[in-house]
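Good morning, everyone, and thank you for making time for this. Please have the sequence and the three-dimensional view open as I speak.

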Amino acid sequence: MAAAAPGAWAALQAGRARLVAAGRAWLGPGWRLSGSWAGRREGPAVGAGGPAPRRGYSSEAKTEDELRVRHLEEENRGIVVLGINRAYGKNSLSKNLIKMLSKAVDALKSDKKVRTIIIRSEVPGIFCAGADLKERAKMNASEVGPFVSKIRAVINDIANLPVPTIAAIDGLALGGGLELALACDIRVAASSAKMGLVETKLAIIPGGGGTQRLPRAIGMSLAKELIFSARVLDGQEAKAVGLISHVLEQNQEGDAAYRKALDLAREFLPQGPVAMRVAKLAINQGMEVDLVTGLAIEEACYAQTIPTKDRLEGLLAFKEKRPPRYKGE
């Protein structure tokens with residue numbers, strides 16, 4: 001076999017460095033990737049405990065809260081729902097809502113009991129109308145940039161959550177609202193939903209990751225067309241271009257997308273927790289590099305599953321023809 005070209009070797013090394021950093025962040029302090037890509041476990045296993053959800057982000061959230069965090073129970077245990085509840089501002093991204101989202105995400109990313117996260121609206125007809133323009137109008141020029149950076153950071157944190165995330169779009173998702181949905185792994189929407197990156201109408205550009213995530217979702221040319229025109233799509237149009245995975249006719253309760261998201265989350269629950277985390281890591285990291293480096297990333301991520309108790313439980317359950325009982329270890 002011919003020696004790898006210097007450029008390819010540099011790309012491989014860069015991909016390795018990214019994987020090591022991402023792996024540490026996603027898998028927690030008990031895991032690390034060695035320099036030879038052969039992962040091994042140190043200390044407590046992934047999923048073995050972890051801090052409890054923060055007080056104030058439980059199913060008993062007060063109705064006046066702008067963000068309700070519900071940890072579902074019984075057959076839905078492991079599913080967490082982030083419900084945006086800011087009706088008077090059309091769920092727009094205010095300073096307070098961004099602060100609450102940041103706190104919730106910080107708590108969830110270190111909670112090993114969380115298996116899937118759904119982001120939805122609890123306001124009929126609205127997912128998120130984007131930035132709070134009334135609040136924005138009161139900011140001076142020096143305040144706008146730092147605040148947009150905070151929005152971008154929170155959306156990035158959502159994109160980097162180690163478990164599957166689903167955006168349930170049952171209404172309007174414009175600007176930062178669509179950017180919030182784009183940060184999720186999967187998007188489902190009602191046919192009556194409206195979504196688009198409309199910032200150019202305000203003489204600005206998407207600032208919460210939209211110029212980067214939309215082209216990755218639907219392709220560069222179409223993403224440019226939608227951003228340049230500030231066009232708004234309905235659910236059927238969004239499904240046709242690949243912006244969402246599923247489109248549903250809206251129901252009387254106005255939560256068709258949420259119900260579909262819940263069905264998907266239930267499908268994810270039986271799978272091995274460690275496998276789900278490293279599968280997401282492998283996909284996300286691999287999409288940013290060439291195929292050769294991506295395959296090396298997959299190999300390194302696969303290695304993380306080999307020493308786990310869950311892998312042995314999966315084999316035993318298959319042999320005994322029973323459902324596996326995974327513990328995330």
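How much accessible surface does the chain have, and what percentage of it belongs to carbon and sulfur atoms? The accessible surface comes to about 16,600 Å², and 57% of that belongs to carbon and sulfur atoms. Please keep in mind throughout that this is a predicted model, and that the values I quote are computed from it.

Let me begin with the overall picture. The chain has 329 residues, of which 49% are buried, and its secondary structure consists of twelve helices and twelve strands. If we take the contacts between residues at least 6 apart in sequence, 66% of them join residues that are at least 24 apart.

Now let us turn to one helix, helix 11, which runs over residues 291-305. Its 15 residues, counted at 1.5 Å a residue, should span 21 Å, and because the C-alpha atoms at its two ends are 21 Å apart, the expected value and the model agree. At the N-terminal end of helix 11 there is a cap, Asp290, whose side chain places an oxygen 3.1 Å from the backbone nitrogen of Val292. Several residues of helix 11 are buried, among them Thr293, Ala296, Ile297, Ala300 and Ala303. When you look at such a list, it helps to remember that an α-helix has 3.6 residues a turn, so residues three or four places apart point the same way.

Next, the strands, and here I would start with strand 3, residues 67-71, which has two faces: Leu67, Val69 and His71 lie on the covered one, while Arg68 and Arg70 lie on the uncovered one. Strand 3 pairs with strand 4, residues 79-84, in the antiparallel sense over five bridges, and within that pairing Val69 has Leu82 as its bridge partner. After strand 4 comes the loop that leads to helix 2, and Asn85 is found in that loop. Is Asn85 buried or exposed? Its relative accessibility is 14%, and because buried means under 20%, Asn85 counts as buried. A polar atom of the Asn85 side chain lies 3.2 Å from the backbone oxygen of Asp65.

There is also an open sheet of four strands, in the order 6-8-10-11, with mixed pairing. Strand 6 and strand 11 stand at its edges, and since each has a single partner strand, one side of each is left without a neighbour in the sheet. Strand 11 pairs with strand 10, residues 194-196, in the antiparallel sense over two bridges, and one of the bridge partners there is Asp234, which sits opposite Lys194.

Beyond strand 6, in the loop before helix 3, we find Gly130, which is buried, with a relative accessible area of 2%. Which residues does Gly130 touch, if we leave out those up to four places away in sequence? They are Ser92, Leu93, Leu174, Gly176 and Gly177. Leu174 is 44 residues away from Gly130 along the chain, and yet their C-alpha atoms are separated by 5.4 Å.

Finally, a word on cysteines. A disulfide is a covalent bond between the sulfur atoms of two cysteines, and a search of the whole structure finds zero of them. Two of the cysteines count as buried, Cys128 at 0% relative accessibility and Cys184 at 4%. Thank you for listening, and I am glad to take questions.

Conventions: Residues are numbered from 1 along each chain as its sequence is written. This is a predicted model: local features need pLDDT of at least 70, side-chain atom pairs count only at pLDDT 80 or more; totals for chains, interfaces and linings use all residues. Side-chain values use heavy atoms; hydrogens and water are left out. Buried means under 20% relative accessible area, exposed over 50%, partly exposed in between (1.4 Å probe, protein chains only). Contact means heavy atoms within 4.5 Å. Accessible areas come from the Shrake-Rupley method with a 1.4 Å probe; for residues, only the protein chains shown count as cover. The expected span of a helix is 1.5 Å times one less than its number of residues. A polar contact is a pair of N or O atoms within 3.5 Å; within protein, one must be able to donate a hydrogen and the other to accept it, and residues adjacent in sequence count only if both atoms are side-chain atoms. A disulfide is a pair of cysteine sulfur atoms within 2.5 Å. Two strands pair if DSSP finds at least two bridges between them.
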